[in-house]
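Here is a quick walk through one protein chain for someone who hasn't met it before. Have a look at the sequence and the model first, and then we'll go through a few spots together.

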Amino acid sequence: MAATPRFRKNAVQAEAVDTRTPEAGAGSGPPDAKHPVDETLPPLRMFTSGLQHVAAMYAGVVAPPMIVGPAVGLSAKETAFLMGASLFTAGIATLLQTLGFWRIGARLPFVNGVSFAGVTPMIAIGKDRGHDGIAVIFGAIIVAGVLGFVLAPYFCKLVRFFPPVVTGTVITLIGVSLLPVAFNWSQGGNATADDYGSMTNITMAAVTLVIVLALRKLLRGFLQQIAILLGLVIGTLIAIPAGITDFGALADADVVGFPTPFHFGAPQFEVAAIISMCIVMLVCMTESTADMLALGKIVGRPADERTIEGGLRADTLGSVLSPVFNGFMCSAFAQNIGLVAMTKVRSRFVVAAGGVILVVLGLVPVAASVIALVPLPVLGGAGIVLFGSVAASGVQTLATAALEKGENALIVAAAVGVGLIPIAAPDFYHAFPKDMLVVLDSGISTGCVVAILLNLAFNHWGSGPDEEPEAGIPESEQPQDPMAVPVAH
């Protein structure tokens with residue numbers, strides 16, 4: 001007779017009773033002390049640590065508008081306007097995420113910015129259509145954001161399907177998927193440039209990497225926490241005589257500018273474009289869920305369903321507001337998770353300070369240009385450490401996943417293998433329909449789906465060796481996994 005699945009009570013909700021308080025080992029002081037996530041730092045530390053987050057994410061925010069603008073036929077000045085608008089809207093979304101209101105915002109040190117997942121569909125939607133193309137893109141993003149906001153309370157329940165064997169796999173894939181970005185920056189960022197991959201660029205990246213590692217080793221306290229920022233400053237200064245620091249953007253930038261609402265015209269709504277961006281939104285929500293689970297583990301405040309629901313609502317509301325100010329779809333920036341893991345600065349108010357800095361950069365283009373002075377090879381050298389830290393956090397999580405039991409090792413092997421396809425073989429899916437590439441070209445999304453399905457197949461659809469109670473201990477007294485998923489008996 002086939003076993004009838006019996007589902008264990010959602011332990012996530014049981015644990016969620018007091019996720020706003022310090023966990024054992026996560027903070028110091030008496031039980032009523034503030035969790036490190038909710039601590040505020042002195043103003044100088046708040047600013048410099050926030051600036052460090054901005055420096056880590058800056059290139060990722062401006063890259064999508066830098067690519068989409070020329071593709072749809074915008075002038076260089078209009079593309080620069082898009083970049084400033086993207087910084088401004090990333091700041092608003094980050095403030096929604098870190099400070100929050102009502103049931104909006106994860107209230108974790110979570111950075112939001114322009115999602116790169118939407119670049120290819122946006123180019124397809126608006127190619128050579130100028131302002132009309134941008135208006136259609138913005139209309140599709142608004143509808144996709146509203147859909148995501150409505151789905152957030154249901155989508156967040158997927159947290160039940162993220163035990164350590166899944167979360168560890170996904171966190172590892174996040175870090176590994178980001179490393180090629182750092183390698184590209186280290187080579188210069190532009191594959192068509194004459195100096196792409198030159199010894200000068202790669203040497204500059206290596207020098208920055210060594211500087212960051214040396215600062216982390218030699219410095220103590222606050223200076224050690226801002227080692228990435230110091231490394232970027234020192235690397236940029238060294239890059240000036242090397243001739244790879246471009247001051248052109250600083251000379252041409254306006255002192256003050258505001259992203260006028262609907263600068264490119266009222267949003268237009270086309271069904272095909274809306275469907276395409278709704279798919280992108282679902283991909284972004286999947287990746288944001290994985291990012292929140294990763295960050296929750298790193299800061300010692302596991303992300304429960306309510307946290308993820310609030311985080312997804314902040315993502316999607318930010319995406320609805322972003323086109324109003326000429327920005328694109330907003331989602332979590334995984335690279336900043338590495339910065340939190342490395343610096344051990346867990347305060348969400350530090351990242352909120354970074355959000356304020358982003359808003360200022362969007363309103364003061366000349367200030368944004370100062371951040372843009374950091375050469376990509378310098379950023380790439382620091383990125384190797386940042387993104388590698390995310391992968392290392394994933395490995396730490398996998399160490400708790402009992403890989404020796406059942407088929408857990410096989411689950412990780414298959415999910416990581418599938419997740420690495422877009423990285424190791426970028427043209428692997430070239431014969432597939434373009435609409436499918438939105439998902440397939442994201443190793444994080446494909447690896448996540450494979451890990452969830454295999455975990456269900458091997459561990460929860462029918463009995464398995466890792467589901468048996470510990471010897472001599474009644475089932476009612478078995479330790480409950482806070483990330484537990486339904487267990488079949």
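The crossing of α6 and α20 is right-handed. Keep in mind that this is a predicted model; with that said, let's step back and take in the whole chain before returning to that pair.

**The chain as a whole**

The chain holds 20 helices and 2 strands. Of its 489 residues, 53% are buried. What about contacts between residues with a separation of 6 or more? In that group, 83% join residues that sit 24 or more positions apart.

**Two helix pairs**

Back to the helices. Two packed helices are described by the angle between their axes and the distance between the axes. Here are both pairs side by side.

| Helix pair | Angle | Axis distance |
|---|---|---|
| α6 (residues 164–187) and α20 (residues 443–460) | about 165° | 9 Å |
| α11 (residues 271–299) and α12 (residues 305–321) | about 140° | 10 Å |

Take α11 and α12 first: their angle makes α11 oblique to α12. This crossing is right-handed. On the α11 side, the contact is made by Met281, Met285, Ser288, Thr289, Met292 and Leu293, and on the α12 side by Thr307, Ile308, Gly311, Leu312, Asp315, Thr316 and Ser319. Sorted by class, the contact of α11 with α12 has 6 nonpolar, 6 polar and 1 charged residues.

Now for α6 and α20. How do these two run relative to each other, roughly parallel or roughly antiparallel? An angle over 145 degrees counts as roughly antiparallel, and α6 and α20 pack at about 165°, so they are roughly antiparallel to each other. From α6, the residues Val165, Val166, Thr169, Val170, Leu173, Ile174 and Ser177 meet a set in α20 made up of Gly443, Ile444, Gly447, Cys448, Ala451, Ile452 and Asn455. By class, that contact of α6 with α20 comes out at 9 nonpolar and 5 polar residues, with no charged ones.

**Two neighbours in α3**

Next, drop in on helix α3, which covers residues 76–98 and includes Leu87. Leu87 counts as buried, at 1% relative accessibility. Leu87 and Leu363 are 276 residues apart in sequence, yet their C-alpha atoms are 8.8 Å apart in space.

Ser86 lies in α3 too. Is Ser86 buried or exposed? Its relative accessibility is 0%, so Ser86 counts as buried. Which residues does Ser86 touch, leaving aside its neighbours within four places in sequence? The answer is Val61, Pro65, Val114, Gly327 and Phe328.

**Cysteines without a bridge**

How many disulfides are there? The count comes to 0. To count as a disulfide, two cysteine sulfur atoms have to be within 2.5 Å of each other. For Cys284, the closest cysteine sulfur is in Cys330, and at 9.6 Å it is too far for a bond. Going the other way, the closest cysteine sulfur to that of Cys330 is in Cys284, again at 9.6 Å and too far for a bond. As for their surroundings, Cys284 counts as buried at 4% relative accessibility, and Cys330 is buried as well, with a relative accessible area of 1%.

Key
Residues are numbered from 1 along each chain as its sequence is written. This is a predicted model: local features need pLDDT of at least 70, side-chain atom pairs count only at pLDDT 80 or more; totals for chains, interfaces and linings use all residues. Side-chain values use heavy atoms; hydrogens and water are left out. Axes are lines fitted to C-alpha atoms, for helices over the stretch in contact, and angles run from 0 to 180 degrees between N-to-C directions. Helices (H or I, at least four residues) and strands (E, at least two) are DSSP runs, numbered from the N terminus. Angles under 35 degrees count as roughly parallel, over 145 as roughly antiparallel, 65 to 115 as roughly perpendicular and the rest as oblique. A crossing is left-handed if the near helix is turned anticlockwise from the far one by less than a right angle, and right-handed if clockwise. Contact means heavy atoms within 4.5 Å. Ala, Val, Leu, Ile, Met, Phe, Trp, Tyr, Cys and Pro count as nonpolar, Asp, Glu, Lys and Arg as charged, and the others, Gly among them, as polar. Buried means under 20% relative accessible area, exposed over 50%, partly exposed in between (1.4 Å probe, protein chains only).
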